[in-house]
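Open the structure in your viewer, keep the sequence panel beside it, and follow the stops below at your own pace.

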Amino acid sequence: MTKKGAATAALIVALVAGYAAGSTRGAARTDKALAKALADFTAFYEQKLKEAGVVGSSFFLDHDHTILARHFYGLANVEKQQKVDEQTIYHWASITKTFTAIAIMQLRDRGLLSLDDPVIKYLPELRDIHDPFGDKSVITIRQLLSHTAGFRGATWPWKDKPWQPHEPQHWEQLVAMFPYTEIEFKPGSRWSYSNPGYVFLGRIIELLTLDDYEVYVDKNILRPLEMFQSYFDATPYHLLKNRSASYWLDDKGQLTPAIFDVNTGVTVSNGGLNSPFTDFVKYVDFLIGNPAKQAQYDGILKRASLEEMFRPAIAIDPEGFEKPYPGAERKDGMGLGYFIEDNFGLHVIGHSGGQNAFVTHFYYQPDSRTAYIVGYNTTGPKTKALDVEIKEYLFKNIFPLLMPGRPHTLKTP
């Protein structure tokens with residue numbers, strides 16, 4: 001364990017001793033179990049990051065609006081020898097889709113659209129796409145939200161040269177390729193992750209509100225949540241000092257810097273968000289729900305609408321997606337913008353992101369009102385396995401200690 005990890009563990013133990021003195025015997029026992037589990041996780045987390053060759057990482061554990069653990073590991077920028085800290089800004093990639101989904105639900109609740117509206121009602125250009133399954137008017141906004149509309153996975157599958165833009169920059173570029181695009185399965189018949197679907201949703205938001213996607217989400221989600229350090233695409237000058245670089249790691253241990261401060265262009269609604277963990281935890285608190293802030297949160301999206309997004313719209317076969325853990329009964333589903341997983345006896349909601357060598361993930365467990373957030377600025381041969389191992393460790397060893405009926409009083413700064 002590093003000196004920082006040891007200090008964190010010592011802090012937890014000291015806090016437990018102080019709280020246990022005024023607690024019940026059962027609560028004291030639970031505190032000690034939780035403190036040990038958190039200290040063990042610190043050592044596990046740092047060791048696994050080293051083994052995977054991760055340059056920099058951050059982790060928050062949020063229980064009922066209290067941060068029980070936070071870790072900052074390694075470097076945000078190798079060239080500058082800049083350490084990761086609480087202000088380090090990560091690229092959240094596909095987690096952006098959850099903000100897009102919330103924006104669509106806002107417009108639904110305001111009467112500007114129906115989830116069962118045909119997509120071509122708003123995007124008539126899609127009539128040029130080849131659909132071997134029949135009438136394109138059956139493809140709905142709800143199907144875009146749940147990745148069941150039949151569109152391909154990649155936004156722009158023709159990129160193969162380093163000088164080409166990371167993503168197409170203009171809507172017209174996508175429209176020009178619609179006659180060469182096809183629906184890959186009968187809409188609504190199954191799940192298949194689709195990036196173009198969320199680009200289409202972003203376009204609908206712009207057409208209905210007359211705001212650029214970035215402006216709409218900033219005004220209607222980021223600002224109300226006081227996520228003032230969060231933004232899309234190019235980093236504002238005053239925040240550049242906090243922007244993490246990102247790195248590709250090959251199987252020989254060689255690091256290659258990824259594009260710094262990448263512009264996601266027309267795909268911004270699919271993966272353009274950047275945010276420090278101190279901001280992103282405000283979003284997670286919104287997902288958990290807080291009676292003290294419910295009026296503020298309801299002004300963004302009513303709790304009933306958020307809960308609607310958390311209900312499975314379609315089942316996902318985990319075979320080939322993420323292998324079920326040995327001895328664990330697992331079910332996966334897709335809600336309206338959120339993944340739903342039942343595993344290790346836990347019902348959890350979350351989303352991951354991966355782009356330009358960044359990897360991010362969050363999981364929210366409603367019963368315990370607990371969530372974790374993790375990010376890495378490195379993608380290598382072991383990154384995906386690392387992310388799964390961390391999730392498995394937390395689901396097995398930490399989340400069960402925070403379930404209702406298991407008293408504890410541990411609070412950490």
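By class, how many nonpolar, polar and charged residues does the lining of the largest pocket have? There are eleven nonpolar, 18 polar and seven charged residues in that lining. Keep in mind throughout the tour that the model is predicted.

**The whole chain**

Begin with the entire chain shown as a cartoon, where you can look for twelve helices and 15 strands. Of the 413 residues in the chain, 56% are buried. If you consider contacts between residues at least 6 apart in sequence, 69% of them join residues at least 24 apart.

**The largest pocket**

Now select Ser94, Tyr193, Ser352, Gly353 and Gly354, which are the closest to the centre of the largest pocket among the 36 residues that line it. The volume of this pocket is about 780 Å³. To see which parts of the fold surround the space, colour the elements that give two or more residues to its lining, namely the helices α8 (268–271) and α12 (383–397) together with the strands β10 (331–334), β11 (339–343), β12 (346–355) and β13 (358–365). Take a moment over β12, since the largest share of the lining, six residues, comes from this strand.

**Two cavities**

Rolling a probe the size of a water molecule over the atoms shows where empty space is left. A search of the whole structure finds two cavities of 30 Å³ or more, and you can visit each of them in turn.

For the largest cavity, select Arg152, Thr155, Leu174, Met177, Phe178, Thr181, Pro196 and Phe200, which together line a space of about 60 Å³. Sorted by class, this lining has five nonpolar, two polar and one charged residues.

For the second largest cavity, select Val119, Ile120, Leu126, Ile129, Lys136, Ile139, Phe151 and Ile183, which form its lining. The space inside comes to about 40 Å³. Here the lining has seven nonpolar residues and one charged residue, with no polar residues.

**Helix α3**

Next, select residues 96–109, which make up helix α3, and notice that its 14 residues reach 20 Å from the first C-alpha to the last, close to the 20 Å expected at 1.5 Å a residue. Is this helix largely enclosed or largely open? Twelve of its 14 residues are buried, so α3 is largely enclosed by the rest of the structure. The buried residues run through Thr96, Lys97, Thr98, Phe99, Thr100, Ala101, Ile102, Ala103, Ile104, Met105, Gln106 and Leu107. Just after the helix, click on Gly111, where the backbone takes a positive phi of about 80°.

**Phe286 in helix α9**

From α3, keep Ile102 on display and add Phe286, because Ile102 is one of the residues that Phe286 contacts and Phe286 counts as buried, at 1% relative accessibility. Phe286 lies in helix α9, which covers residues 277–288. Leaving aside neighbours within four places in sequence, the other residues in contact with Phe286 are Leu225, Tyr297, Ile300, Leu301, Arg303 and Leu306. You can then draw a distance line from Phe286 to Leu306, which is 20 residues away along the chain, and find 9.7 Å between their C-alpha atoms.

**Lys48 in helix α2**

Move on to Lys48, which you will find in helix α2, residues 25–52. Is this lysine buried or exposed? The cut-off for buried is under 20% relative accessible area, and therefore Lys48, at 17% relative accessibility, counts as buried. Show its side chain together with that of Glu389, because a polar contact of 3.1 Å joins the two side chains. Leaving aside neighbours within four places in sequence, Lys48 is in contact with Leu386 and Glu389.

**Gln169 in a loop**

For the last stop, select Gln169, which is found in the loop between α4 (141–145) and α5 (171–176). At 31% relative accessibility, Gln169 counts as partly exposed. A polar atom of its side chain lies 2.8 Å from the backbone oxygen of Glu167. If you leave aside neighbours within four places in sequence, Gln169 is in contact with Asn263, Thr264, Gly265 and Val266. Finally, add Val268, which is 99 residues from Gln169 in sequence, and check that the two are 9.4 Å apart in space, C-alpha to C-alpha.

Technical notes:
Residues numbered from 1 in each chain as written. Predicted model: local features only at pLDDT ≥ 70, side-chain atom pairs only at ≥ 80, totals over all residues. Heavy atoms only, no water. 1 Å grid on protein atoms, 1.4 Å probe; cavity = no way out; pocket = protein on both sides within 12 Å on 5 of 7 lines; lining within 4 Å. Points joined across faces, edges and corners; volume = space filled by probe spheres on them. Helix = DSSP H or I, 4+ residues; strand = E, 2+ residues; numbered from the N terminus. Nonpolar A, V, L, I, M, F, W, Y, C, P; charged D, E, K, R; others polar. Buried < 20%, exposed > 50% of the residue type's maximum accessible area, 1.4 Å probe, protein only. Polar contact = N/O pair within 3.5 Å; in protein donor to acceptor, adjacent residues only side chain to side chain. Contact = heavy atoms within 4.5 Å. Expected span 1.5 Å × (residues − 1).
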